[in-house]
Amino acid sequence: MTVNELFNEWLECYQKDQIKVQTYVRYKSLYNINIESFIGTRNIEEITRREMQMVLNQIKTKKSKRTGKELSCVSVNMCLIVLNMMFDYAVDFELLQANPCERVRSVPSKTKKKVFAFSIEEQIKIENYIENIHNDEYFGIILDLYTGLRIGELLALEWDDIDFDNGLMYINKTVYTTLNEDGEWETVTDTPKSKTSNREIPLPDWIIKRLKKIKENSKGKYVVSRNDGSVISAKLYRWRYNQMLEKLKIEHHHFHSLRHTFATRALENGMDIRTLADILGHSNANITLNVYAHSMIEHKRQMMNNMQRVSSVL
């Protein structure tokens with residue numbers, strides 16, 4: 001059996017019905033673009049661990065067709081993950097005795113990705129702008145600043161997901177655009193990113209009151225939609241967000257920065273890590289700590305300045 005044959009069997013017969021379309025397309029793309037040319041035609045029984053390490057080193061220096069730069073550490077390590085899973089399948093189903101990816105070293109990240117959050121002054125500018133334009137289509141941005149939703153979760157949110165009596169918002173789906181098996185773009189509504197992304201979020205009273213007013217004028221089933229009730233795409237919503245930042249002369253940062261801003265404000269206001277992890281939909285509090293522990297320098301400076309000297313002697 002060749003590596004190509006193993007990959008196709010693993011993906012089509014074992015994985016396809018268990019993973020999201022987006023994940024399926026990503027696995028297929030990673031293999032076809034970055035792995036196949038190196039070992040695709042090789043017999044799986046001939047490949048050694050030493051050779052597999054050399055293959056990963058070659059993938060690491062491969063240039064991306066889109067950017068012209070070497071693949072990111074994340075992309076290289078995702079290739080190793082795919083290889084590991086397919087060779088684990090081969091071992092489990094007695095096609096091989098051992099996985100040649102065992103003990104192959106992944107690529108360490110050169111720099112830790114910096115998390116950006118808007119300052120309090122910038123957040124005030126954003127909120128005031130949205131309140132003053134009197135357009136309910138933009139309220140999703142404010143909602144994101146106070147709930148930390150991913151954009152797919154925000155745009156998939158329906159009025160039925162809001163419990164106005166108990167002040168709760170239920171996150172149980174996400175929407176995203178992806179390539180299908182035929183290579184065509186399509187919009188998919190699916191379950192959230194992970195099991196823990198299915199969650200309920202208590203909403204502040206002022207948001208509940210505001211959402212009630214928006215619902216009275218809403219002509220569609222989605223909380224964030226066009227004023228005529230039609231669906232608003234993630235691409236259009238990101239564009240409006242970017243245009244807003246440009247008008248306000250605020251440095252551009254991705255829409256996901258709204259989620260980071262919520263988390264930063266929550267920590268600044270004393271929310272404990274466990275509660276924040278639950279609201280963000282993280283699988284454990286360590287993920288939350290790792291992401292946000294280094295993003296609160298101003299808060300840390302304030303806390304340090306509040307430290308009183310024990311001795312009165314200067």
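**Aromatic pairs, nonpolar cores and the sheet**

In the predicted model, residue Y241 is buried, and its relative accessible area is 0%. This value lies under the 20% limit that defines a buried residue. The ring of F255 is treated together with Y241 below; F255 is likewise buried, with a relative accessible area of 6%.

Aromatic pairs number 11 in the structure. In one of them, F7 and W10, the ring centres are 5.9 Å apart and the planes meet at 45 degrees, so the pair is classed as tilted. An angle of this kind falls between the limits of 30 degrees for stacked and 60 degrees for edge-to-face rings. Both residues belong to helix 1 (residues 3–15), where a spacing of 3 residues places about one helical turn between F7 and W10. F7 is buried, having a relative accessible area of 1%, and W10 is buried as well, with a value of 0%.

A further aromatic pair is made by Y241 and F255, whose arrangement is edge-to-face, with 5.1 Å from centre to centre and 65 degrees between the planes. Y241 is part of helix 9 (residues 234–247), whereas F255 lies in the loop between helix 9 and helix 10 (257–268); the pair therefore ties together parts that are 14 residues apart in sequence. Aromatic residues also gather in a cluster, which is formed by F7, W10, Y27 and Y31.

The largest nonpolar core comprises 48 residues, and the residues with the most contacts inside it are I126, I141, I162, L211 and M244. Among the elements that contribute two or more residues to this core are helix 5 (120–133), helix 6 (139–145), strand 2 (168–171), helix 8 (205–217), helix 9 and helix 11 (273–280). When neighbours within four places in sequence are left aside, L211 is in contact with F139, W159, I162, F164, L203 and V223. A second core, separate from the largest one, has 34 residues, including V3, Y24, M86 and V107.

An open sheet is built from 3 strands in the order 1-2-5, with antiparallel pairing. Strand 1 (162–163) and strand 5 (199–202) occupy the edges; each has a single partner strand, so one side of each has no neighbour in the sheet. The antiparallel pairing of strand 2 with strand 5 extends over 4 bridges. Within the sheet, I171 stands opposite R199 of strand 5.

Conventions: Residues are numbered from 1 along each chain as its sequence is written. This is a predicted model: local features need pLDDT of at least 70, side-chain atom pairs count only at pLDDT 80 or more; totals for chains, interfaces and linings use all residues. Side-chain values use heavy atoms; hydrogens and water are left out. Rings of Phe, Tyr and Trp (its six-membered ring) pair if their centres lie within 6.5 Å; planes under 30 degrees apart count as stacked, over 60 as edge-to-face and the rest as tilted. Buried means under 20% relative accessible area, exposed over 50%, partly exposed in between (1.4 Å probe, protein chains only). A nonpolar core is a set of buried Ala, Val, Leu, Ile, Met, Phe, Trp, Tyr and Cys residues joined through side-chain atoms within 4.5 Å. Contact means heavy atoms within 4.5 Å. Two strands pair if DSSP finds at least two bridges between them.
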